[in-house]
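Here is a short tour of how the strands in this chain are put together. Have the structure open beside the text as you read.

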Amino acid sequence: MEKFYRYEDENGRRYQLDNLVNPNKNRPNLTYEFLGVTRVWRWTKQRMMKAYADGLVIQSSEGGVPRFKRYLDEMLGQPITDDWSDIEHLHGSNSETLGYPTQKSKVLLERIIQASSNEGDTILDGFCGCGTTVDAAEGLHRNWIGIDISPIAISLIKRRLNDTYGKSLNSFEVRGTPTDEVSAVELWKQNPNAFQDWWLTEFEVFSTTFGTKGSDKGIDGVGQYLIDQKGNDTIKVGFQVKGGTHIQSKDIDALVGAMDKHKCQLGVFLTIENPTKPMMDTVAGSGFVEVPGFKYPRLQILTLKDYFLNKRPRLPKVNITFKAAAKKGKKTHQEELDL
Ligand SMILES: C[S@@+](CC[C@H](N)C(=O)[O-])C[C@H]1O[C@@H](n2cnc3c(N)ncnc32)[C@H](O)[C@@H]1O
């Protein structure tokens with residue numbers, strides 16, 4: 001619509017200027033002069049005069065070839081075929097991109113949902129990734145269930161829905177992620193990688209093994225935080241997750257070493273086990289990092305127990321690691337489909 005029906009009349013009706021010249025040059029009965037221009041026209045002179053009198057033929061400049069004012073609201077449109085080349089795939093620079101490697105574009109999922117369901121129906125996506133289906137379903141007034149094996153996906157979806165719908169977001173429930181120390185330890189026993197991903201994404205930071213980045217022994221996740229009001233300056237925080245029972249000072253040393261490599265000014269050590277005295281000494285002796293108006297401990301340790309007691313490391317307030325979802329708000333209501 002924006003590409004072709006580019007004009008608007010005084011009543012706000014969209015139109016395009018269409019060609020009135022006949023592609024067939026050999027039509028003597030359609031060859032005549034109109035508004036000073038002689039061409040082989042598509043219409044008879046009588047029809048042309050009538051359309052002109054109705055204000056539907058316009059000549060933009062003297063001597064210019066008259067064109068037909070085709071109103072969008074008078075067109076029936078064309079049914080969509082099974083070749084959806086009008087929907088672009090998402091690329092990095094797109095404002096919708098959240099950084100999830102297999103993210104699909106929202107208009108694609110909106111089209112699928114609108115074509116195959118009505119408002120109030122329930123949409124299920126069993127491999128929902130960063131939740132494009134879930135987001136589209138919420139905006140189109142559907143109920144939804146999203147399933148994904150990746151805690152990063154779940155964390156991104158929570159953030160995405162809040163960004164997009166704010167107060168108009170319907171309440172939803174997250175099942176399957178740890179809710180207390182016991183269930184978190186159980187997840188670690190079953191699947192240490194999933195435990196690590198879950199805990200990192202609770203802080204909205206990306207795991208270094210996620211996407212294309214390679215893993216690193218010292219750092220499991222990196223987060224980026226704003227440190228000035230204008231939003232220009234940021235610092236990076238390296239996270240290490242230790243699920244095992246034999247944590248040692250050299251684990252903290254590895255974090256410090258990797259912080260330099262990843263240009264992280266602050267480090268957070270997340271552990272199931274309580275830290276040893278030498279570890280606590282290393283952390284206490286690591287000093288502070290000063291940013292305008294604030295001072296943060298360079299190294300901090302947080303145990304799983306403390307995490308569920310709602311203790312948190314001291315970090316800058318604004319975490320910008322996950323890109324904010326771009327589109328805001330819900331769609332207007334859709335008429336029922338005649339299926
Ligand atoms: C192609 S992606 C989906 C992308 C999604 N349409 C989006 O826009 O973000 C496939 C998803 O399936 C998930 N997955 C893989 N195996 C799974 C399993 N056994 N159960 C649930 N989800 C799984 C992956 O974590 C991945 O997020």
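## Strands β11 and β12

Let's begin with a parallel pair: β11 and strand β12 (residues 266-271) are joined by six bridges and run parallel. If you would like a landmark here, look for Phe239, which stands opposite Val268 in β12. Keep in mind that you are looking at a predicted model.

What lies with these two strands in the β-α-β unit? Helix α7 (residues 249-261) does: together with β11 and β12, helix α7 makes a β-α-β unit that is right-handed.

## The other partner of β11

Strand β11 (residues 234-242) also pairs with strand β10 (residues 221-226), and this time the two run antiparallel, again through six bridges. To find your way along this pairing, pick out Tyr225, whose bridge partner in β11 is Ile235.

## A four-stranded open sheet

Elsewhere, four strands line up in the order β1-β2-β6-β5 to form an open sheet with antiparallel pairing. At its edges stand β1 (7-8) and β5 (57-58); each has a single partner strand, so one side of each is left without a neighbour in the sheet.

The partner of β1 is strand β2 (residues 14-19), with two bridges joining the antiparallel pair. Here Tyr7 stands opposite Tyr15 in β2, a handy spot to start from.

## Domains along the chain

How is the chain divided into domains? The domain assignment gives domain 1 (7-74), domain 2 (79-175) and domain 3 (181-308). Taken over C-alpha atoms, the centres of domain 1 and domain 3 are separated by 69 Å.

Notes:
Residues numbered from 1 in each chain as written. Predicted model: local features only at pLDDT ≥ 70, side-chain atom pairs only at ≥ 80, totals over all residues. Pairing = 2+ DSSP bridges. Right-handed = clockwise from strand over helix to strand, strands pointing away. Domains from an automatic or database assignment.
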